[in-house]
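User: Hi! Could you walk me through this one? I'd like to start with how far to trust it.

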Amino acid sequence: DGVFALCFLSEMLVKMRELGVMTFFLGYDRLCKMGSELRWRWFEFSLDVTAFLELGWQLYDASVLDTSGFNLSVLRIMGLGRVARILRVCRLHLFADLVTMINGAIGCTWTLLWSLALVAIPIYAVAMLMRESLGASASAGLGAEAFRS
């Protein structure tokens, strides 16, 4: 965890050096208009802070050797947001086809669900019709034997 936290911190420090601290946190016009790039930078900053809070708590908890009962799951769930950094890669021109495929898959889910419903409803109706009409024949000994499980 410490190595990853240091990697994330070094990445953020390099960006701060390139852009400047004020531009990193407030944007290019320094009016703090929350554009997409500025939101990503604040998101990265919150992830770095969360990673160091988790690391600090783990070091404190290990030094005290007394489990205080504080649950780190909230910090770990926020740490899963690090995966969202990978989504920034999808904005590159190289991944345009992949983004199109993902958008198509997301767009067709409602169509898929409706087509499943249109297939399942008639099958269910026929199954109920057969059960009600031929179900009495099974109790009279006609038809297949029931499973013995």
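Analyst: Happy to. pLDDT is the predictor's confidence in each residue, on a scale from 0 to 100. Helices (H or I, at least four residues) and strands (E, at least two) are DSSP runs, numbered from the N terminus. This is a predicted model, so local features need pLDDT of at least 70 and side-chain atom pairs count only at pLDDT 80 or more, while totals for chains, interfaces and linings use all residues. Residues are numbered from 1 along each chain as its sequence is written, and side-chain values use heavy atoms, with hydrogens and water left out.

User: Which element has the lowest mean pLDDT, and which the highest?

Analyst: Helix H4 (residues 73-79) has the lowest mean pLDDT, at 62, and helix H6 (residues 109-139) has the highest, at 87. Over the protein the mean pLDDT is 76, and 63% of the residues reach 70 or more.

User: How many helices and strands are there?

Analyst: The protein has 6 helices and 0 strands. Read from the N terminus, the order of elements is α-α-α-α-α-α.

User: And what share of the residues is buried?

Analyst: Buried residues account for 17% of the 149 in the protein. Buried here means under 20% relative accessible area, exposed means over 50%, and partly exposed is in between (1.4 Å probe, protein chains only).

User: Cool. On to charges: how many salt bridges do you count?

Analyst: The count is 2 salt bridges. The rule asks for a side-chain nitrogen of Lys or Arg within 4 Å of a carboxyl oxygen of Asp or Glu.

User: Which residues are linked by them?

Analyst: Glu11, Lys15 and Glu44 are linked in a salt-bridge network. Glutamate 11 pairs with lysine 15 at 3.5 Å, N to O. Both of these residues lie in helix H1 (residues 2-19), 4 residues apart, about one turn of the helix. Glutamate 44 also forms a salt bridge with lysine 15, and there the closest N and O atoms are 2.9 Å apart.

User: What does that second pair tie together?

Analyst: Glutamate 44 is in helix H3 and lysine 15 in helix H1, so the pair ties together parts that are 29 residues apart in sequence. Helix H3 covers residues 36-64.

User: Is glutamate 44 buried or exposed?

Analyst: Glutamate 44 counts as buried because its relative accessibility is 2%. Glutamate 11 is partly exposed, with a relative accessible area of 31%.

User: Switching to rings. How many aromatic pairs are there?

Analyst: There are 4 aromatic pairs. Rings of Phe, Tyr and Trp (its six-membered ring) pair if their centres lie within 6.5 Å; planes under 30 degrees apart count as stacked, over 60 as edge-to-face and the rest as tilted. Phenylalanine 24 and phenylalanine 25 make an edge-to-face pair, 5.1 Å centre to centre with 85° between the planes. Phenylalanine 24 is buried at 0% relative accessible area, and phenylalanine 25 is buried at 16%.

User: What about phenylalanine 25 and phenylalanine 45?

Analyst: Their ring centres are 5.1 Å apart and the planes sit at 90°, so that pair is edge-to-face. The two rings link distant parts of the chain, with phenylalanine 25 in helix H2 (residues 21-26) and phenylalanine 45 in helix H3, 20 residues apart. Phenylalanine 45 is partly exposed, as its relative accessibility is 26%.

User: Which residues make up the ring cluster?

Analyst: Phe24, Phe25, Trp42 and Phe45 are linked into a cluster by ring pairs.

User: Nice. Staying in helix H2, where does the side chain of threonine 23 reach?

Analyst: A polar atom of the threonine 23 side chain lies 3.2 Å from the backbone oxygen of leucine 19. Threonine 23, found in helix H2, is buried at 7% relative accessible area.

User: Last topic, the surface. Which residues form the nonpolar patch?

Analyst: Trp110, Leu112, Leu113, Trp114 and Leu116 form it, with about 640 Å² of accessible area together. Patches are made of residues with over 30% relative accessible area and no salt bridge, where like charges are joined within 9 Å and nonpolar side chains (Val, Leu, Ile, Met, Phe, Trp, Tyr) within 5 Å. The areas come from the Shrake-Rupley method with a 1.4 Å probe; for residues, only the protein chains shown count as cover. Tryptophan 114 is in helix H6 and counts as exposed, at 60% relative accessibility.

Notes
Polar contact = N/O pair within 3.5 Å; in protein donor to acceptor, adjacent residues only side chain to side chain.
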